[in-house]
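Reader: Could you take me through one part of this model in some detail? I would like a close look at a single helix and then a sense of what surrounds it.

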Amino acid sequence: MTWGSVSAFLAMGGYGGYVWGSYGVTTLCIVLEIAALIVRQRKLLRK
Amino acid sequence: MSINWFKYSSPPSFYPLAGKLTPFFFVAAALFTVTGFYISFFVAPTDFQQGEAYRLIFIHVPAAWMSMFLYVVMAFWAGVGLAFNTRLSSMMASALAPTGALMTFIALLTGSLWGKPMWGTWWVWDARLTSELILLFLYLGFMSLQAAIDDPRRADKAGAVIALVGVVNVPIIYFSVKWWNTLHQGASVSLTRSPSMAATMLTGMLIMALAFWMYSFAVTLMRVRCIILERERNTDWVKQLMEQRP
């Protein structure tokens with residue numbers, strides 16, 4: 001285990017903003033892509 | 001038992017198959033992501049030069065690999081569609097483009113967030129970064145060209161030309177760190193020599209690459225199903241499919 005505490009984990013040795021920023025934006029992109037596809041599929045299958 | 005693979009090259013039989021496969025790819029992606037994250041954050045050690053900032057590698061490198069790989073697959077299907085006039089291959093090419101563009105965007109963005117603390121700048125016009133940006137423009141060019149042409153078969157052909165010409169860019173991206181002096185570091189993993197990184201770091205990165213791979217398959221299959229429905233909505237099999245739905 002590399003991390004002593006939760007706050008140390010979040011701080012990422014002072015690079016927290018960069019590391020979590022990247023993971024955050026990537027997660028957001030993936031969630032939006034899946035959501036857009038679900039909406040597109042539902043619209044097509046309706047009627 | 002022999003499987004007739006050609007059976008699945010027609011949209012009516014590929015549509016249900018893709019629907020059955022999609023959940024498996026999503027589950028595989030989720031499992032690889034959980035394992036990959038655990039290794040990335042709790043097993044892999046701190047880098048002696050870059051501290052914890054290097055942990056960006058676990059999404060940056062897989063996204064960059066996928067951006068190039070998906071482009072080659074897209075160009076391959078576009079080329080098959082152009083040469084043999086097969087509908088489904090061209091639909092596959094169109095379905096791959098948005099995910100490829102997204103992977104390219106993620107690679108550029110995480111690279112930028114990595115560049116700032118390590119190089120002191122968000123962006124430099126060096127060979128690796130510039131060729132990856134060109135890849136993004138190729139994806140966007142392919143998508144907007146197809147969107148601008150009303151007749152889908154003509155859109156397929158025009159898109160295929162861009163996709164095939166753009167393939168030259170992929171080896172340029174890959175070898176850019178060798179051919180030019182770049183700020184970007186060289187490959188840490190290559191087929192010709194042993195990797196220059198800790199084993200656990202490498203394992204984490206490869207598992208995350210598998211996760212991105214499975215994810216890309218899942219969303220591409222979802223998208224190709226939408227494209228099939230859009231393009232074949234006037235055919236009997238789609239009408240039947242719609243009637244059977246409650």
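**A close look at helix H3 of chain B**

Author: Happy to! The secondary structure of chain B consists of 8 helices and 0 strands, and from the N terminus on its elements read α-α-α-α-α-α-α-α. Please keep in mind that this is a predicted model.

Let us turn to H3(B), which covers residues 87-119. How far apart should the ends of its 33 residues be? At 1.5 Å a residue, the helix should span 48 Å, and because its end C-alpha atoms are 47 Å apart, the two values agree.

The helix does have a bend, of about 30 degrees, at Ala97(B). A proline, Pro98(B), follows within four residues of that point.

Is H3(B) mostly covered or mostly open? It is mostly covered, with 24 of its 33 residues buried. For chain B as a whole, 39% of the 246 residues count as buried.

Just after the helix comes Gly120(B), and its phi is positive, near 85 degrees.

Now for the surroundings. Along its principal axes, the C-alpha trace of chain B spans about 65 × 35 × 35 Å. Among contacts in chain B with a separation of 6 or more, 77% are between residues 24 or more positions apart.

Chain A completes the picture with 2 helices and 0 strands. Its C-alpha atoms fill a box of roughly 55 × 20 × 15 Å along the principal axes, and buried residues make up 15% of its 47 residues.

Conventions: Residues are numbered from 1 along each chain as its sequence is written. Chains are lettered from A and ligands numbered from 1 in the order in which they are written. This is a predicted model: local features need pLDDT of at least 70, side-chain atom pairs count only at pLDDT 80 or more; totals for chains, interfaces and linings use all residues. The expected span of a helix is 1.5 Å times one less than its number of residues. The bend at a residue is the angle between axes fitted to the seven residues ending there and the seven starting there. A residue is buried if 20 or more other C-beta atoms lie within 10 Å of its own, exposed if 12 or fewer, and partly exposed in between; C-beta atoms are placed from the backbone. Two residues are in contact if their C-beta atoms, placed from the backbone, lie within 7 Å.
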